[in-house]
Amino acid sequence: MLVKRLFSSYTKALNRLHRAPSGSKNGASDCELGSSFEPVRSRRNLSSEANHAPEDCQKPVTVSLFQIKKTIKGSLMGESVEGPSCIQTVCPVCHIVPGGDAKSVPDAIRRKIFVNKTTGNFTCSSCQYLGRWDHIEKFFLPTPIRAPKVVQELRKLRDAFLELKQEQLGTVHPIPVDAIVLDTVESARDVVKQLQLENIAPETLMSIKAHWNEGRKELFVPLVDVEDRSIGYKKVYAALDGELREITVPESNASGLIFLRCSTSGMGTKAKEHQSQTNAILVLSVLDLLALGSVKINATAVCLPHGLKTLPQQCLPGLERFQRLTLWFNYDTAGWDTARNYAKKLDERRCLFVRPTDQHPTPYRALLEGAIEPKTILAKAQPILHQSITTFHSLRQDVLSDLQNIDKVQGVKWKRYPTLNKLLKGHRKGELTVLTGPTGCGKTTFMSDYSLDLAQQGVSTLWGSFEIRNTRLAVTLLRQMVGRPLDENLTEFEQWADAFEQLPIYFMTFHGQQPIKIVMEAIEHAQYVHDIQHVIIDNLQFMMGVLDESKHLDRYWKQDAIIASFRTFATKRNCHVTLVIHPRKERDTDELTTSSIFGGAKASQEADNVLIIQDKRLTSVRGKKYLQVAKNRYSGDLGIMPLDFDKASLSYAQRKKKPDGSDDGPGGIVTEPPDRTVRRAF
């Protein structure tokens with residue numbers, strides 16, 4: 001009976017996998033497109049419901065780490081290795097046939113699956129398939145199966161699963177065929193000279209198997225996965241201004257890294273050789289990687305695929321073998337924040353970091369300047385994990401970094417709202433913002449315009465709209481990006497839609513009232529997987545009063561508990577949270593204040609910023625609508641910003657004045673079709 005129930009449940013799971021949702025282009029479910037998903041899709045979802053699986057298999061894990069370990073340990077394989085971020089075990093599908101002897105699998109291919117300890121998603125190293133734990137859990141059988149009918153059914157399920165995996169394998173991006181591998185010192189030295197890579201040893205280009213295109217003057221460095229297979233590449237070239245630029249192929253979710261053994265040949269002792277294999281230095285660019293190889297540090301230099309934008313969980317298996325990781329990123333506030341977020345993925349206990357100050361530049365800059373040896377900077381790396389009690393001595397370098405990078409500490413500046421830059425100084429991570437205003441005043445429209453501005457500068461955003469459908473929200477965002485109605489210019493839709501897809505915007509599928517626990521699970525999962533920097537909840541009242549036990553609780557107490565959850569999340573995960581909250585019912589003639597926010601005083605107390613939309617058009621002939629900054633914890637500056645609504649673009653962007661005194665459109669919004677490349681802040 002147990003086996004029959006197993007078959008029944010798994011058959012239903014496979015049916016869900018094969019069942020394509022509306023809008024799917026190739027007949028496969030959104031979940032099974034995970035190994036090659038684009039940075040943003042209007043249909044991307046994050047939900048806890050099985051029939052609304054997200055596009056890239058990023059469903060919040062609903063099984064505990066203990067249960068995952070127990071399932072693997074109690075299976076026929078029973079063999080696993082727990083690493084810092086993943087559990088490594090035998091793939092029960094690729095190399096094991098039901099009814100066969102699992103122990104006869106050769107040792108060379110036994111450990112072929114990595115299960116993420118945080119999300120529960122697994123990566124099969126033999127085929128680079130990314131899936132959810134519940135898709136593969138049922139193949140970990142606790143006892144040998146001998147009955148012929150049972151074995152036959154299991155083999156059918158396995159064949160169906162392998163066929164599905166084969167259809168959804170990640171695309172491999174080979175280096176262009178017209179690029180020649182640099183396999184001699186003379187050819188590598190010539191490339192170093194042409195790209196003007198000062199102080200870079202030519203041998204390092206040979207060590208990373210770099211390729212060179214003489215005609216286009218482009219350097220290609222392969223990205224390799226955990227099985228040392230090339231799955232993509234980084235391209236280095238000289239731009240028109242003479243600066244060296246890098247691009248990554250694929251543009252998102254690359255599962256490969258660049259490894260460079262920096263230790264000198266013939267180091268002698270086995271201890272030093274072991275140290276170079278277990279210690280890694282993580283950098284963001286190929287130039288920094290080559291710089292570390294040129295100074296012969298006793299470690300392995302690793303270049304991340306997407307820099308400061310994101311660290312895909314598919315990359316984590318390649319870093320499991322290292323016992324110590326030193327994160328040496330750009331010495332600005334963005335690099336420091338990213339280092340702390342990446343450390344949470346990589347296990348903080350094995351992570352060190354180089355303090356981001358002017359005295360600690362990136363490896364390539366340090367090599368060029370020559371004032372400080374990279375080895376000296378590396379020796380000052382400190383643990384990321386702090387004790388509960390600290391001293392000013394431990395915070396001293398952080399304080400110096402903030403003072404040296406005061407403009408970046410102030411946050412990302414808005415391009416559409418220069419007045420907000422003067423008041424709030426910028427959009428900063430780790431803060432909680434509350435937006436309120438009377439019903440129908442345009443809170444959602446303003447917030448979409450506000451978030452779009454930040455997303456266009458590289459701030460990855462997660463939208464939780466409980467009032468309106470995601471399709472309608474996406475239409476508003478797209479129209480605000482274009483600056484005019486697209487229904488009158490449908491021929492331009494594909495071009496603008498392609499540009500919008502490049503923005504780091506994600507949507508949750510929740511609609512109507514939802515429990516705070518389920519919402520927080522989705523948000524925490526998205527922040528871990530997609531490195532979300534800005535979460536928008538529209539609005540807070542939709543997370544109150546949906547559980548049976550909650551009807552016995554005071555509604556103000558429930559709201560305070562929800563606000564406390566978001567406050568803790570913002571601080572702990574270093575992520576900005578914006579909450580839209582309706583005000584109390586006030587007289588139309590009275591202006592709203594911080595005391596007008598619905599609920600108790602906790603919302604205004606916990607918030608770092610309180611924004612109020614004041615709408616006086618209905619109570620006065622010459623009444624205006626404006627945004628009031630009623631609380632500003634960072635700088636204390638309070639004030640107002642007029643809101644002049646442009647119906648064509650659905651935008652409140654402030655108009656820029658031309659020299660002749662005429663308007664230049666709302667916020668200088670571009671009204672020509674965009675370039676395919678979307679600029680990002682990082």
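**Cysteines, cores and backbone exceptions in a predicted model**

A search of the whole structure finds zero disulfides, a disulfide being a pair of cysteine sulfur atoms within 2.5 Å. The structure is a predicted model, in which local features need pLDDT of at least 70 and side-chain atom pairs count only at pLDDT 80 or more, while totals for chains, interfaces and linings use all residues. Residues are numbered from 1 along each chain as its sequence is written, and side-chain values use heavy atoms, with hydrogens and water left out. Among the cysteines, C351 is buried at a relative accessible area of 1%, and C441 is also buried, with 1% relative accessibility; here buried means under 20% relative accessible area, exposed over 50% and partly exposed in between, for a 1.4 Å probe and protein chains only.

In soluble globular proteins, nonpolar side chains tend to be buried together. The largest nonpolar core (buried Ala, Val, Leu, Ile, Met, Phe, Trp, Tyr and Cys residues joined through side-chain atoms within 4.5 Å) has 42 residues, of which L205 and L219 touch the most other members. Helix α8 (residues 286–294) gives the most to this core, with six residues; helices (H or I, at least four residues) and strands (E, at least two) are DSSP runs numbered from the N terminus. When residues up to four places away in sequence are not counted, L205 touches L182, A188, V191, V192, A210, L219 and L290, contact meaning heavy atoms within 4.5 Å. A second, separate core of 38 residues includes L424, A474, L478 and F500.

Helix α16 (residues 470–482) and helix α17 (residues 493–501) have axes that come within 11 Å and cross at roughly 100°, where axes are lines fitted to C-alpha atoms, for helices over the stretch in contact, and angles run from 0 to 180 degrees between N-to-C directions. The contact involves L477, L478, M481 and V482 of α16, together with F493, W496, A499 and F500 of α17.

Most residues other than glycine have a negative phi, and most peptide bonds are trans. A cis peptide bond with omega of about 5° joins V249 and P250, and P250 is found in the loop between β10 (244–249) and β11 (258–261). The loop between β10 and β11 also holds N253, which is not a glycine yet has a positive phi near 55° and is buried at 14% relative accessibility. D228, likewise not a glycine, has a positive phi of about 65°, lies in the loop between β8 (218–224) and β9 (230–238), and is exposed at 53% relative accessibility.
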